[in-house]
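User: I'd like to go through this structure and ask where the labels come from. Could you back each one with its definition?

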Amino acid sequence: MKFQIEDVTVYFPYDHIYPEQYSYMIELKRALDAKGHCLLEMPTGTGKTIALLSLITSYSLFKPESPIKLIYCTRTVHEMEKTLAELKLLHKYQKEHLGAQARILAIGLSSRKNLCVNPRVVAAENRDSVDAACRKLTASWVRAMAAENPNVPTCEYFEDYERAGGEALLPPGVYTLQDLRAFGREKGWCPYFLARRMVQFANVIVYSYQYLLDPKVAGIISKELPKESVVVFDEAHNIDNVCIEALSVSVRRQTLEGATRNLNRISQEIDRFKATDAGRLRAEYNRLIEGLALRGNLPTTDIWLANPALPDDILKEAVPGNIRRAEHFLHVLRRLVQYLRGRLETENVEKESPVGFLVSINNHAGIDQKTLKFCYDRLHSLMLTLEITDTDEFLHIQTICDFATLIGTYARGFSIIIEPFDERMPHIPDPVLQLCCHDASLAIKPVFDRFQSVVITSGTLSPIDLYPRLLNFHPVVSRSFTMSLTRDCICPMVLTRGSDQLPVSTKFDMRSDPGVVRNYGKLLLELVSVVPDGIVCFFVSYSYMDGIINAWNDHGILKDIMQHKLVFIETQDVVETTLALDNYRRACDCGRGAVFFSVARGKVAEGIDFDRHYGRLVIMFGVPFQYTLSKILLARLEYLRDNFQIKEGDFLTFDALRQAAQCVGRVIRSKADYGMMIFADKRYIFPNSFSITLTSKILNSLIKG
């Protein structure tokens with residue numbers, strides 16, 4: 001259908017539009033007109049993605065003299081493919097009405113592992129190995145050797161892509177990852193580097209959050225994107241956690257042992273180059289005197305990861321004299337590794353500010369702040385000089401240099417926490433030194449500053465007023481929309497007591513109570529006997545799920561449940577969980593019915609849909625609070641309280657609310673769907689000590705209308 005929103009003609013590929021979709025588009029247009037940022041919440045199943053795509057592409061068509069580029073960020077590859085499929089449908093509809101005027105180029109961009117078509121490369125076991133296998137065939141020095149010696153292996157797809165030069169372009173259209181691979185095979189071109197080149201020409205780019213929020217990746221992939229771009233973060237309820245993880249680093253004993261092996265290997269490579277090509281090391285030394293920014297434009301295949309923190313003005317500085325020579329830099333890294341090894345030899349939990357840590361490392365290892373700040377780029381420069389391609393073997397020393405650069409750059413928003421063991425398993429020594437970022441705004445601030453409009457949207461953002469404080473920005477539009485329902489398709493229920501009238505809860509002092517465990521088991525047993533098709537159960541943690549399943553097994557409850565439905569369990573192994581999900585769907589498809597046990601904050605809770613008969617009932621056993629004795633969480637709560645005036649209880653309840661809403665929201669994926677939701681914990685109904693009451697917030701944010 002085609003309709004007007006003020007002065008913009010909106011092309012919408014469906015015959016009907018929901019009232020909330022129309023309201024959503026109006027608010028989104030207000031934000032685009034104001035060239036500001038916005039927060040928009042609309043419940044799952046109301047067509048949020050197509051509303052976004054329709055309005056923004058139509059808005060761009062309306063202003064051909066100043067077209068805007070859409071950068072659409074998703075959390076998973078599965079969501080990326082769904083977004084591109086919707087965009088294909090929309091693009092087809094727009095071409096039918098506008099012809100050639102509606103032509104756009106839209107691409108999905110992902111890692112080499114998802115785009116590579118070279119069987120020798122893509123056979124590697126993980127993403128880092130695929131990246132390294134690609135560099136071994138495409139690095140500039142490898143190709144130079146191959147030009148002289150035809151026995152040196154190269155990638156035929158990349159060579160054909162390079163030979164095509166400026167002719168290697170994508171024709172207009174919408175390209176999913178599968179489309180890019182198919183196009184690459186047809187032309188004989190590398191789809192990964194082709195997609196990287198087309199980013200600057202594309203009207204719409206769909207890729208992962210990390211490509212904008214992780215400075216190591218964003219500095220390479222997204223640095224050329226124009227300011228006149230609209231950035232959309234979809235399913236952004238956890239965006240603060242993504243920002244924090246992008247700037248946090250953990251160092252364990254295994255990391256330090258691996259870093260020592262890496263340094264020994266680099267030392268051998270330096271000795272080899274001194275004997276065969278000492279001029280290369282001298283040239284690098286002279287270049288570093290001038291500054292990192294003057295090393296020139298590197299070939300695309302040689303670019304590693306960008307600096308995790310450095311602003312451009314620092315890149316113009318000369319590298320500190322004590323790390324310009326390769327052997328001197330190695331000596332500094334050895335001292336750093338030795339210092340960190342000593343810090344891990346502790347029997348007590350230690351917490352320190354970055355400033356205090358810098359003073360300590362200067363006193364004990366003789367390494368100053370500026371030297372630490374340049375470690376990451378200095379390592380990058382050295383590995384390029386030494387022509388190292390198997391970068392997957394050097395992840396440990398990369399982690400150490402990442403840590404060094406971050407600690408040398410940021411004086412606030414971080415803390416260093418050293419734990420000799422995991423408090424949940426105190427009998428197993430596993431020391432870890434963690435550089436913890438507490439301020440989510442540090443990672444997302446460059447995005448807000450650089451692009452004219454940033455849209456943060458999800459089905460579960462309530463309480464919506466907390467996000468501007470967490471991310472430290474001022475939205476021009478902040479709205480939460482309700483779902484318009486023509487029938488009762490959602491049946492929420494809060495269960496506070498079991499069949500024997502004993503209260504049920506996963507509170508720490510109650511979760512091991514045999515009465516609670518028994519009542520939870522009886523509840524599930526009664527429900528599997530009457531609810532058809534699929535039932536999904538969410539627990540607060542893996543350890544609690546394992547404990548309660550073992551107890552049910554000992555009491556014979558699990559056996560009784562399996563008389564009615566098959567049982568499948570999410571584990572921390574991705575392959576096992578994928579297999580369990582596949583068999584769960586098959587059991588639902590054939591009419592046998594099944595129960596899926598999962599964990600809040602796990603992979604299934606965040607990215608898997610249990611629509612239609614795959615999820616007629618979802619049970620949330622307990623309230624999914626974070627582990628409140630975690631030293632990292634306590635440090636973050638203290639930072640939020642002192643700097644953003646966010647109370648500890650408010651944040652913990654807000655976080656539990658969004659996780660619970662995500663879990664139960666898995667079963668309603670459209671207005672045609674229906675399902676039942678049970679919140680099995682007395683805290684969902686009784687006012688607790690926190691200033692936000694969970695139940696009303698969840699039911700208002702998730703089950704609207």
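Analyst: Sure, here is how the labels hold up, sheet by sheet and then helices and cores. The model is predicted, so to speak in plain terms: local features need pLDDT of at least 70, side-chain atom pairs count only at pLDDT 80 or more, and totals for chains, interfaces and linings use all residues. Residues are numbered from 1 along each chain as its sequence is written, and side-chain values use heavy atoms, with hydrogens and water left out.

User: What makes β12 largely enclosed by the rest of the structure?

Analyst: Buried means under 20% relative accessible area (exposed is over 50%, partly exposed in between, with a 1.4 Å probe and protein chains only). In strand β12, residues 429–437, 7 of the 9 residues are buried, so the strand counts as largely enclosed. Strands here are DSSP runs of E with at least two residues, helices are runs of H or I with at least four, and both are numbered from the N terminus.

User: How do you know that β9 and β11 pair with β12?

Analyst: Two strands pair if DSSP finds at least two bridges between them. β9 (residues 249–252) has 4 bridges to β12, antiparallel, with V249 opposite L435. β11 (residues 414–421) has 7 bridges to β12, also antiparallel, and there S415 has C436 as its bridge partner. Both pass the cut-off.

User: Why are β9 and β10 called edge strands of their sheet?

Analyst: The order of this open sheet of 4 strands is β9-β12-β11-β10, with antiparallel pairing. β9 and β10 (350–352) each have a single partner strand, so one side of each is left without a neighbour in the sheet. For β10 that partner is β11, joined by 3 bridges, with E350 set against I418.

User: What stands at the edges of the sheet with 8 strands?

Analyst: That open sheet runs β6-β5-β7-β4-β8-β13-β3-β14 with parallel pairing. β6 (173–175) and β14 (477–480) each have a single partner strand, so each has one side without a neighbour in the sheet. β3 (residues 38–41) pairs with β14 in the parallel sense over 4 bridges, and L39 has S478 as its bridge partner.

User: Why is α14 called roughly perpendicular to α21?

Analyst: Two packed helices are described by the angle between their axes and the distance between the axes. The axes of α14 (residues 253–276) and α21 (residues 395–409) come within 7 Å and cross at roughly 110 degrees. Axes are lines fitted to C-alpha atoms, for helices over the stretch in contact, and angles run from 0 to 180 degrees between N-to-C directions. Under 35 degrees counts as roughly parallel, over 145 as roughly antiparallel, 65 to 115 as roughly perpendicular and the rest as oblique, so this pair is roughly perpendicular. Contact means heavy atoms within 4.5 Å; among the residues making it are Q254 and R261 of α14 and H396 and I400 of α21.

User: What makes a set of residues a nonpolar core?

Analyst: The set holds buried Ala, Val, Leu, Ile, Met, Phe, Trp, Tyr and Cys residues joined through side-chain atoms within 4.5 Å. The largest one has 195 residues, and those with the most contacts inside it are Y207, F233, I239, I444 and I456. Helix α17 (residues 326–344) supplies the largest share, 10 residues. Apart from that core lies another of 33 residues, including V516 and I619.
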